[in-house]
Amino acid sequence: IRLNFLPIKRWYLICDVILSADIISTVEFNHSGELLATGDKGGRVVIFQHEEECKNRLQLRGEYNVYSTFQSHEPEFDYLKSLEIEEKINKIRWLPQQNSAHFLLSTNDKTIKLWKISERDKRAEGYNLKDENGRLRDPFRITSLRVPVLMPMDLMVEASPRRVFANAHTYHINSISVNSDHETYLSADDLRINLWHLEITDRSFNIVDIKPANMEELTEVITAAECHPNQCNVFVYSSSKGTIRLCDMRAAALCDRHTKFFEEPEDPSSRSFFSEIISSISDVKFSHSGRYMMTRDYLSVKVWDLNMENRPVETYQVHEYLRSKLCSLYENDCIFDKFECCWNGSDSAIMTGSYNNFFRMFDRNTRKDITLEASRESSKPRATLKPRKVSTGGKRKKDEISVDSLDFNKKILHTAWHPKENVIAVAATNNLYIFQDKIN
């Protein structure tokens, strides 16, 4: 992978006052990479489409334009628990395309919705029982039989809700994942994982339940879950204790007993007050091949071989220079930020976010890494992103930025990688940046 990236288009304008509703909360390419969906804290879903005329022009293959925008979730209030339910979109997952329409799942804290995105460029005219304005005609005045004909019209993209999966989670939903059988999907909250059928909305199967009989004995929560890309009976979930459990649904209906348990032993010499917090896993992703999985904790990204449970095969430090800043990060709550991670299409590189609008990329073959910045200054069309370096002390070089100058309010939590091309999407607060590798 080339690590020079070219910003193609910026979709959200930065203003002095950032509205909370405009903050992007999830980013996801569909399986072909033709569409890119973003969800925000205001409950909106914005879908971008790859420009048709740019497909055969390599230097413009990262060109995306707005395709559809719709309101997915509205704020609600649970009167029984006196609890306000935010409209914020926590996750979006695309279903594999079966016909001309596209389907995606979106979720807030409590309710999952299945949306159909379809195009309409023709309309039927010449009805027997209706006139041109849509009003019903008098049946006694109809003297001839007409066959309706399809007439061309301006292209219209419709987003319609097809299913609503609700009332199954007591706690906040943090993950949804579509199974490889294309019929089921799982949803996870802090203490339970449910398995749904895409056609059935009134019931789901509880396949993991870690809620103790006495909540005072609670020691860990579920932080992320994902289905295996090839084996429909296998899934993993991570915990706030830094452990990952792989479960096989063929073993038992309730997967409380894991099949494999992944945990890296902690070095006693480096243990501190913050060790348990920073070891919490915020994201877990299977590789496309299904052989590996990747986990993201606060300071690092780890790649695990599914056949080796005792330690990861690769560990990449994302922002090790923040270890000396953990006290201040704890005070401003940044230490609880949940960073996501993603693979490229060939599983040869991985990407994750950091602070100061930095994002990190690691080449698994050469073990090279690079830090890039998504910002207004670097987002001019055709401009090449320059690698950024952080100085931890002593004499600072010209191109370096001091660790004390980092802006912790600017953070990249959500990233996505095109499944076939070196095109990436990076969400920086209320801005979406799309970059592609440089074409010489």
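**Notes on a predicted model: a surface patch, two cysteines, two positive phi values**

1. Phe-273, Tyr-330 and Phe-336 make up a nonpolar patch on the surface. Together they have about 340 Å² of accessible area. The model is predicted, and the patch should be read with that in mind.

2. Take Tyr-330 from this patch. Tyr-330 sits in helix α2, which covers residues 326-331. Its relative accessible area is 33%. That value lies between the 20% and 50% limits, so Tyr-330 counts as partly exposed.

3. How many disulfides does a search of the whole structure find? The count is 0. Cys-247 is in no disulfide. The nearest cysteine sulfur to that of Cys-247 belongs to Cys-255, 5.2 Å away. Cys-255 is likewise in no disulfide, and its nearest cysteine sulfur is that of Cys-247. A disulfide here needs sulfur atoms within 2.5 Å, so the 5.2 Å pair does not qualify.

4. Are these two cysteines buried or exposed? Cys-247 is buried, with a relative accessible area of 0%. Cys-255 is buried as well, at 3%. The cut-off for buried is under 20%, which is why both values fall in that class.

5. Asp-333 has a positive phi, near 70 degrees, and is not a glycine. Asp-333 lies in the loop between α2 and β24, the latter spanning 341-343. Asp-333 is partly exposed, at 48% relative accessibility. Helix α2, on one side of this loop, is the helix that holds Tyr-330.

6. Thr-429 is another non-glycine residue with positive phi, here near 60 degrees. Where is Thr-429 placed? Thr-429 is in the loop between β31 (423-428) and β32 (431-437).

Note on methods
Residues are numbered from 1 along each chain as its sequence is written. This is a predicted model: local features need pLDDT of at least 70, side-chain atom pairs count only at pLDDT 80 or more; totals for chains, interfaces and linings use all residues. Side-chain values use heavy atoms; hydrogens and water are left out. Patches are made of residues with over 30% relative accessible area and no salt bridge: like charges are joined within 9 Å, nonpolar side chains (Val, Leu, Ile, Met, Phe, Trp, Tyr) within 5 Å. Accessible areas come from the Shrake-Rupley method with a 1.4 Å probe; for residues, only the protein chains shown count as cover. A salt bridge is a side-chain nitrogen of Lys or Arg within 4 Å of a carboxyl oxygen of Asp or Glu. Helices (H or I, at least four residues) and strands (E, at least two) are DSSP runs, numbered from the N terminus. Buried means under 20% relative accessible area, exposed over 50%, partly exposed in between (1.4 Å probe, protein chains only).
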